[in-house]
Amino acid sequence: MKTMLNVALPKGRLGEKVYNMFAAAGFSCPELLEESRKLIFENEATGVRYFWVKPSDVAIYVERGAADIGVAGKDILLEYAPDVYELFDLNLGKCRMAVAAPSNFRDNPEKTLKVATKFSRIASDYYRRKGRDIDIIHLNGSIEIAPILGLSDVIVDIVETGTTLRENNLEVFETIVPISARLIANKSSFKFKSQQIERIVEQMRKSAEDMK
Amino acid sequence: MILNDKSLKSDERAIFALRSLYDKYGYSQYKMSKFEEYDLYVRNKDFLISPSVITFTDTDGRLMALKPDVTLSIIKNCHDIEGAVQKMYYNENVYRPGGSGTFREIMQVGLECIGDIDGYSVLEVVLLAAKSLESISEEWVLDISHLGVVSEIIGRLELSDGDVRKVLKCVSEKNVHGIGEICGDSDAAKALRTLVSTYGEPKKVIETLRTLSVSECCIKELSEIAEEIASRGLSGNVRIDFSVTDDIKYYNGIVFRGFINGVSQSVLSGGRYDNLLARMGKSFGAIGFAVYLDRLEELSSNEEKYDVDTLILYDEGENAGNVSRAVSRIAETGASVSAMRKIPEKFRYKKLLKLSGSEVTQLENNA
């Protein structure tokens, strides 16, 4: 029996772009791009099984070995710190993790800084390095309204174009780290499916060269 | 007693295989108490896989811990004899947080070689690590690295302590682009990137190492191991991979990780830890490894899909002797069997038989 390569793709546009790169490396599965509610797609001929998962869950699937490889944002990798190989920076889905606040915000170092975020670990690591005392308020969405309602002083969130921030009268004060999509692999799978995985990395490198 | 191999779970089978392997090579079993003074762990917190330890106060007021690790306890009791080593293995339960963050009891088997360590001791422990994996599964890989090589090349970069930590993390992730971001494009950075992207067949990797002008002593240590591996026909399984890193506060020299196909995390981890001994005020060396048997649970076989091989149904009022004889007949063939008057809900069996009087008829066969 041929061993299948299990690939976790992040649902959405990024996932589709990434699939095209995998297909170019010889792991095509045309059925995947058809309109349907199916989540798992298999192509025995090319020996690959794709599944669509929530982008923030890709790292978990890969770390636990349900997927051999996957594509996850650097934000997720920093937040959950999964024990995986980070093989390639796809330079797709580029954005940055940033501290944003209302434009009239003044950081008063005498006070504990209230930080609203979905990324508690990234935020606390960042402020620990700066030696700043903070109070993390973990939210799951609509982070932007936290400072407007006085729930927090600042927010730590992903900023792509900054439009959402501007529309809510917020602006970026500091950039914590640039973010982009990364190809990750399960450490054990990498040992036993190294040829297939290396072929994909090689193809990604080539596609990146072509785009330059 | 006849031991039925089928009734052993994969971790239990591994324990038997590993113990007999280590016995054969002159390692003696080290038995110890489940408790240890908490103080031992406080001083070496980073050596533990997780800093969380279950503690309690003993009747005499001392703060005790349920062992999260065995190596520290073994070292504590070791003495130095020049030219000699103490060879020990253990098979103990340790207590530390599992995947979901709550504490778990984990069965761990490990081996330590402590004392005047030389090339032979290192080679023997590496080969025993390989044989340990071989005894668990046919599809295994042992990745070997040399921390001397990694720290030498990172040393050339002249980074701050914080950046060294970040770079080591990148090395362990095979994160070549991350190394580029931190270290730039200097020759030393290029050497580190080459080091991280070179892995696989030991002899080939050593050839690349020579181009990076790494100290001869590290290359020699790796080559000796590589040659022995090749002569034993293990080059396909034992590889050099510098992404195996460990805390350099404790480890030095050869370090390794073992993987088994079908288990998502490494199942074996070990290396040379002279630095830990030095921190504990000992002047000798040590090398050892641990096998994480709890991770072998992922290797479950198909047999576990059934509660029992054969289920015998009988009617109320059936002669007990008849049922017992029918059960014994099947049990003697080596299959598992159960007799009941009704099929319990969600009960899974391969074969379903019906007993009436002394006659047995087959109703279903799902095998």
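Here is a short walk through one sheet of chain A and the residue E86(A) at its edge strand. The model is predicted, so local features need pLDDT of at least 70 and side-chain atom pairs count only at pLDDT 80 or more, while totals for chains, interfaces and linings use all residues. Residues are numbered from 1 along each chain as its sequence is written, chains are lettered from A and ligands numbered from 1 in the order in which they are written, and side-chain values use heavy atoms, with hydrogens and water left out.

Let's begin with the open sheet of chain A, whose 6 strands run in the order β2-β3-β1-β4-β11-β5 with mixed pairing (strands are DSSP runs of E, at least two residues, numbered from the N terminus; two of them pair if DSSP finds at least two bridges between them). β2 (40-43) and β5 of chain A are the edge strands with a single partner each, so one side of each has no neighbour in the sheet. Further in, β4 (residues 69-73) and β11 (residues 181-186) of chain A pair in the antiparallel sense over 5 bridges, and V71(A) stands opposite L183(A) in β11(A).

Now step onto β5 (residues 84-89) of chain A, where you will find E86(A). This glutamate counts as buried because its relative accessibility is 2% (buried means under 20% relative accessible area, with a 1.4 Å probe and protein chains only). Its side chain makes polar contacts with the side chains of K74(A) at 2.8 Å and H177(B) at 2.7 Å (N or O atoms within 3.5 Å; within protein, one must be able to donate a hydrogen and the other to accept it, and residues adjacent in sequence count only if both atoms are side-chain atoms).

Key. Helix = DSSP H or I, 4+ residues; strand = E, 2+ residues; numbered from the N terminus. Buried < 20%, exposed > 50% of the residue type's maximum accessible area, 1.4 Å probe, protein only.
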